[in-house]
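Visitor: I am new to reading protein models, and I would like a close look at a single part of this one. Could you choose one residue and follow its surroundings outward, step by step?

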Amino acid sequence: MINNILVPYDFTNFGDLAFEKAMEIAKKFDSKLTLISVIGSDIDTSGMSLSRAEEAHDESENKAKEDLNKLKNSNIVENVPISVEIVHNSSSSDGILLFAEKHNTDLIVMGSHGRSGFKKVVLGSVASNVVAKAQCPVMIVKPPKS
């Protein structure tokens, strides 16, 4: 049974594809869907005062939450319960994994940027880390071949 589907959303076309696939699955299984965005320490706060750095972090979080809620609200007609969460973690993959474990996730659906070879080694891969370490099944949604 697939009760809880987690969609780590990164505000890209890859995230959109994963969200669409997750919605399709959620409709078939009457599942609840949770959209998360992981906010880390990737905001460049060099040269900022502590209060301005905190303000920049809050602005980033508020923007992410606003954008997730727009996505959620644009899909209400689908009759799939959707919740929105912001996760704080300096590692996107760790944030996803910890959230999934804590919230009894049955399936993680996420997009893949399709990197391979040297780029994958240099840039790392959130999707690869999640697949390797998740306690539940993970579906990677790739963009269609052109």
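Guide: Let us begin at I82 in this predicted model, where, once the neighbours within four places in sequence are left aside, I82 is in contact with F19, M23, L33, L35, K72 and N75. These contacts will lead us to several helices and strands, and we can take them in turn.

I82 lies in strand β3, which covers residues 82–88 and is mostly covered, five of its seven residues being buried. Beside this strand runs β2, made of residues 32–39, and the two pair in the parallel sense over seven bridges. One place to see the pairing is L35, which stands opposite V84 in β3. L35 is also one of the residues in contact with I82.

What surrounds I82 in a wider sense is a nonpolar core. The largest such core has 22 residues, and among its members I5, V7, F19, L33, L35, I82 and V109 touch the most others. At least two residues of this core come from each of β1 (4–8), α1, β2, α2, β3 and β4, while helix α1 gives the most, with six residues. A second core, separate from this one, has 14 residues and includes V38, I96, I108 and A127. As a general background, nonpolar side chains tend to be buried together in soluble globular proteins.

Helix α2, residues 50–73, is the next element to follow, since K72, one of the contacts of I82, belongs to its range. Its 24 residues, at 1.5 Å a residue, should span 34 Å, and because the C-alpha atoms at its ends are 34 Å apart, the expected and computed lengths agree. Within α2, the residues A53, A56, A64, L68 and L71 are buried, and the buried residues of this helix pack against α1 (13–29), β2 and β3.

The same helix also carries charged pairs. K63 and D67 meet through their side chains in a salt bridge of 3.0 Å, N to O, and they are separated by about one helical turn because they are four residues apart in α2. K63 is partly exposed, since its relative accessible area is 44%. E66 forms a salt bridge with K70, with the closest N and O atoms 3.6 Å apart, and here too the two residues are four apart in α2, and therefore about one helical turn from each other. With a relative accessibility of 43%, E66 counts as partly exposed.

Turning back to α1, we find a further charged pair, for the side chains of E24 and K21 meet in a salt bridge of 3.3 Å, N to O. E24 and K21 are three residues apart in helix α1, so about one helical turn separates them. Are they buried, partly exposed or exposed? E24 is partly exposed, with a relative accessible area of 36%, and K21 also counts as partly exposed, at 29%. Together with K28, these two residues are linked in a network of salt bridges, and the count for the model comes to four salt bridges.

A last stop is T105, in the loop between α3 (92–102) and β4 (107–111). T105 has a relative accessible area of 12%, and because buried means under 20%, it counts as buried. Apart from its neighbours within four places in sequence, T105 is in contact with N4, L6, F99, A100 and C136.

Conventions:
Residues numbered from 1 in each chain as written. Predicted model: local features only at pLDDT ≥ 70, side-chain atom pairs only at ≥ 80, totals over all residues. Heavy atoms only, no water. Buried < 20%, exposed > 50% of the residue type's maximum accessible area, 1.4 Å probe, protein only. Pairing = 2+ DSSP bridges. Expected span 1.5 Å × (residues − 1). Contact = heavy atoms within 4.5 Å. Core = buried A, V, L, I, M, F, W, Y, C linked by side-chain atoms within 4.5 Å.
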